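Reader: Hey, I've got this one open in my viewer and could use a second pair of eyes. Can you walk me through it?

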Amino acid sequence: MITLDTDRINSFLGESAPGEPNRETVLRAHAQLKSGSGPGSSFLGWRDLLLDPNDALLEDIVSTAARVRQNADVLVCVGIGGSYLGARAVISALTPYLEESDEKTEILFAGHHMSGAYMQELLAYLEGKSVFVNVISKSGTTLEPALAFRFLRDWLERNFEDADDRVIVTTDPEKGALNALRSDHPYKKYVIPPDVGGRFSVLTPVGLLPIAVAGVDIRSLFYGARAMCTDLEAVSTDGYHPALAYAELRSRLYARGYTIEALAVFEPKLSDFAGWWQQLYGESEGKDKKGIFPVGVQYSTDLHSLGQYMQDGRRQLLETFLMVRLDKSTIRVAKDSDNLDGLNYLAGKAYSEINLRAYEGTSEAHEDGGLPNMTIWLDQLTPAAIGELIYFFEHAVAVSGYLLGVNPFDQPGVEAYKKAMFRLLGRPE
Ligand code: PA5
């Protein structure tokens, strides 16, 4: 279950001012999303796939993942933006920090930047290993993954007779270079539904295949998201929901000049999740010269770098903590007879309790410093809970976008740098 604690934000808001988002306008935006009558309504496939689950597809992905796990030391996932951030987020959240296992397929990412040094080191690292590649690109034309795949394809063909069996393509049903390549190479293919944008695609094969190869139970993940989706479907004009409250509060603060939102985690496993959230919110809201700038921060690490600004810098920030109630770690601080480090006041306390007090102290200090903050609580880190959280944020960003008056499902701004880069690279028209 996901709950939203708003105690440290209420003092900044009081009564809703005229013209500001409020419960009524939020419910209107929510109804627009449900009925498909808002801007960008031809890109609501991320909801449809949950409302009408395709269990056969989930089974197929699970069986492909089993084949990869059985045969691969390494799976290289090639993709950028929405074609890799979701998989990385879920895998980081749900797999151990450190694990030594001969059984495990290591998941590596490529095509998410254009560092030649990285590609050279990656190819050297892969030498002597059994490698599979999942190339993920909806358009099939994005330079970063296309370039990385050219190198990896060449490397696979030089190293394996069954190179074509080691490639899995995740792309548009028909368009793009990956489909063209398949006319010569019978790569296994998964389809990205045309009505699902990249940043909303983690629960399609884009995210689900790498996540399944990492050993995560994708059925629980998917059905967790579906449970959150059906909960929200049930909300009509007289109800409310934490995801809608989250959208309302951040939108009201935005209307009052709070233009930057930090999503703060105290569990480093959730840092990549904050990275996924950052893309979802940045690309969905930042347009028409409007929108909250989203930034993921990892505490307590970043309290020693950004902490000064958060506490005392320009007051344009709001903060959302993403916390997990049940930490499964059991280690506690032991009493030390000399106490030379002066830490005996912590003796007997669980490590996780100390982390919790750090959160409580930060939340309190930030409220005192004029930084409105709220907390999203997950009961525990499980596939189902992460699935719920994914849909929570997806629904909330769509509602926030409608409140802002933008189309949350397009991203016209990302084309500008590509045009300039391709001109500099001399790409033929
Ligand atoms: O959210 C988006 O649409 C983008 O981040 C895309 O996912 C990203 O640009 C990669 O695009 P593609 O999958 O077409 O290679």
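Author: Sure. One term to begin with: a residue is near a molecule if one of its heavy atoms lies within 4 Å of it. Also keep in mind that this is a predicted model.

Reader: Good, let's use that on the ligand. How many residues surround the ligand, and which are the closest?

Author: The ligand has 13 residues around it. The closest are Ser83, Ser137, Ser139, Thr142 and Gln279.

Reader: What's the distance from the side chain of Ser83 to an oxygen atom of the ligand?

Author: 2.7 Å, taken from an N or O atom in the Ser83 side chain to a ligand oxygen. Gln279 also has a polar side-chain atom placed 2.6 Å from an oxygen atom of the ligand. With Lys138 it's the backbone: one of its backbone N or O atoms is 2.7 Å from a ligand oxygen.

Reader: And how much of the ligand's accessible area does the protein cover?

Author: On its own the ligand has 380 Å² of accessible area, and the protein covers 87% of that.

Reader: OK, switching to Thr170. Where is it, and is it buried or exposed?

Author: Thr170 sits in strand β5, residues 167-171. Its relative accessible area is 0%, and buried means under 20%, so Thr170 is buried.

Reader: Which side chain does the Thr170 side chain make a polar contact with?

Author: That of Asn134, at 3.1 Å. If you skip neighbours within four places in sequence, Thr170 is in contact with several residues, including Asn134, Val135, Ile136, Ser137, Tyr190 and Pro205. Ser137 is also one of the residues closest to the ligand.

Reader: Now backbone oddities. Where is there a cis peptide bond?

Author: Between Tyr299 and Ser300, with omega at about 5 degrees. Ser300 belongs to the loop between β8 (293-298) and α12 (307-312).

Reader: Which residues have a positive phi although they're not glycines?

Author: Lys289 is one of them, with phi at about 60 degrees. Asn339 is another, at about 50 degrees. Lys289 is in the loop between α11 (271-285) and β8, while Asn339 is in the loop between β9 (317-324) and α13 (351-368).

Reader: Why do Lys289 and Asn339 get the exposure labels they do?

Author: It comes down to the cut-offs. Exposed means over 50%, and Lys289 has 87% relative accessibility, so Lys289 counts as exposed. Asn339 has a relative accessible area of 27%, which falls between 20% and 50%, so it is partly exposed.

Reader: What about Lys328, where does that one lie?

Author: Lys328 is in the loop between β9 and α13. At 61% relative accessibility, it counts as exposed. Its C-alpha is 34 Å from that of Gly239, with the two positions 89 residues apart in sequence terms.

Reader: And how far apart are Glu59 and Arg219?

Author: They're 160 residues apart in sequence and 8.7 Å apart in space, C-alpha to C-alpha. Glu59 is in helix α3, residues 55-71, and it's partly exposed at 41% relative accessible area.

Reader: Last thing: which residues form a nonpolar patch on the surface?

Author: Met114, Leu147 and Phe151, with about 270 Å² of accessible area together. Phe151 is in helix α6, residues 143-159. Its relative accessible area is 42%, so Phe151 is partly exposed.

Methods: Residues are numbered from 1 along each chain as its sequence is written. This is a predicted model: local features need pLDDT of at least 70, side-chain atom pairs count only at pLDDT 80 or more; totals for chains, interfaces and linings use all residues. Side-chain values use heavy atoms; hydrogens and water are left out. Helices (H or I, at least four residues) and strands (E, at least two) are DSSP runs, numbered from the N terminus. Buried means under 20% relative accessible area, exposed over 50%, partly exposed in between (1.4 Å probe, protein chains only). Patches are made of residues with over 30% relative accessible area and no salt bridge: like charges are joined within 9 Å, nonpolar side chains (Val, Leu, Ile, Met, Phe, Trp, Tyr) within 5 Å. Accessible areas come from the Shrake-Rupley method with a 1.4 Å probe; for residues, only the protein chains shown count as cover. A salt bridge is a side-chain nitrogen of Lys or Arg within 4 Å of a carboxyl oxygen of Asp or Glu. A polar contact is a pair of N or O atoms within 3.5 Å; within protein, one must be able to donate a hydrogen and the other to accept it, and residues adjacent in sequence count only if both atoms are side-chain atoms. Contact means heavy atoms within 4.5 Å.
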